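Visitor: Please pick one part of this model and go through it closely. Then show me how the rest of the chain is arranged around it.

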Amino acid sequence: MNPKDAYYETCAASIRKHLEKRRMEGYYCKSSQEARDLALSFVKEGDVVSFGGSMTLAETGLLEELRRKERITLLDRSTASTPEEVQQIYEKAFTADAYFMSTNAITLSGELVNIDGNGNRAAALIWGPKQVIILAGMNKVCPTLEDAVRRARELAAPPNCIRLNKQTPCAYSGSCGDCYGDDCICSQTVITRRSQIPGRIKVILTRETLGY
């Protein structure tokens, strides 16, 4: 095993122990395919499933696999034709059996940090769906909570603004402008330090670099 892989496994083992203390489940996979297959194993026939916006879910092929499944009900806002339909899907997601997402950052001590514009993804993480399954590359791991918040604002938000064609300072300069404009995607900053329901939140880490 090369030193980088050994380091990732050591970090992941530590994070998993801290997640357990925080009543969340932690897993570590060596590839995105392994992580995807593990994530899908938490979905059973007849489940209502939804997901938050995430490059990680797309890069792992998870979204494609969910869209192929015929024996689940997938709440997919990409199929909506009006803003009203999108809103309905957001609201129905709170009753889902499984909700998939990534996280903008995770600390070595197991805290999750997420920044949202609309807040639907962060809201579903906090409350509603029976289980929340998070996929994240080890590139999302940060030493401290301060580092994690900084990562979410300065490393995750700018490329997401560019991807979404947002007219924000970070989309032009590459650095956070602490803006308040209509296109700002940093309306909510959520720190998850504990799951009220044991095992509801499942965090699947993979050694691959995924997402922003």
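Guide: Here is a walk from one helix out to the sheets and the cores.

First, the ground rules. This is a predicted model, in which local features need pLDDT of at least 70 and side-chain atom pairs count only at pLDDT 80 or more, while totals for chains, interfaces and linings use all residues. Numbering starts from 1 along each chain as its sequence is written, and side-chain values use heavy atoms, with hydrogens and water left out.

The part is helix α7, residues 145-163. Helices (H or I, at least four residues) and strands (E, at least two) are DSSP runs, numbered from the N terminus. α7 has 19 residues and reaches 26 Å from its first C-alpha to its last. That is close to the 27 Å expected at 1.5 Å a residue. The expected span is 1.5 Å times one less than the number of residues.

The helix is not straight throughout. α7 bends by about 40° at Ala-157. A bend is the angle between axes fitted to the seven residues ending at a residue and the seven starting there. A proline, Pro-158, follows within four residues. Just after α7, Asn-165 takes a positive phi of about 60°.

Which residues of α7 are buried? They are Ala-148, Arg-151, Ala-152, Ala-156, Ala-157, Pro-158, Asn-160 and Cys-161. Buried means under 20% relative accessible area, exposed over 50%, and partly exposed in between (1.4 Å probe, protein chains only). Ala-157, the site of the bend, is thus itself on the buried list. An α-helix has 3.6 residues a turn, so residues three or four places apart point the same way. The cover over the buried residues of α7 includes β5 (105-107), β6 (112-116), β8 (141-142) and α8 (169-173).

Now the sheet behind the helix. It is open, has 4 strands in the order β8-β5-β6-β9, and its pairing is mixed. Two strands pair if DSSP finds at least two bridges between them. β8 and β9 (188-192) are the edge strands, each pairing on one side only. β6 and β9 run antiparallel and are joined by 5 bridges. Asp-116 has Gln-188 as its bridge partner in β9. α7 packs on this sheet, touching β5, β6, β8 and β9. Contact means heavy atoms within 4.5 Å. The direction of α7 makes about 30° with that of β6. Axes are lines fitted to C-alpha atoms, for helices over the stretch in contact, and angles run from 0 to 180 degrees between N-to-C directions.

Follow the chain out of β6. Gly-117 lies in the loop between β6 and α6. Gly-117 counts as partly exposed because its relative accessibility is 24%. Beyond its neighbours within four places in sequence, Gly-117 contacts Cys-184, Ile-185 and Ser-187. Its C-alpha is 9.9 Å from that of Asp-182, 65 residues apart along the chain.

Another open sheet has 6 strands. Their order is β1-β10-β7-β4-β2-β3, and the pairing is parallel. β1 (25-29) and β3 (73-75) are the edges, each pairing on one side only. Neighbouring strands here are turned by 20° against each other on average, direction ignored. β1 and β10 share 5 bridges, and Gly-26 stands opposite Val-203 in β10. β2 (residues 48-51) pairs with β3 over 3 bridges, where Ser-50 meets Leu-75. β2 also pairs with β4 over 3 bridges, and there Val-49 stands opposite Ala-98.

Ala-98 deserves a stop. Ala-98 counts as buried because its relative accessibility is 0%. Leaving aside neighbours within four places in sequence, its contacts are Val-43, Val-48, Val-49, Ser-50, Gln-131 and Ile-133.

Last, the cores. A nonpolar core is a set of buried Ala, Val, Leu, Ile, Met, Phe, Trp, Tyr and Cys residues joined through side-chain atoms within 4.5 Å. The largest has 22 residues, and Ile-134, Met-138, Ile-201, Val-203 and Leu-205 touch the most other members. α1 (3-21), β4 (98-101), α6 (120-126), β7 (131-137) and β10 (201-206) each supply at least two of its residues. α1 gives the largest share, 5 residues. A second, separate core of 18 residues includes Leu-40, Leu-66, Ala-98 and Phe-100.
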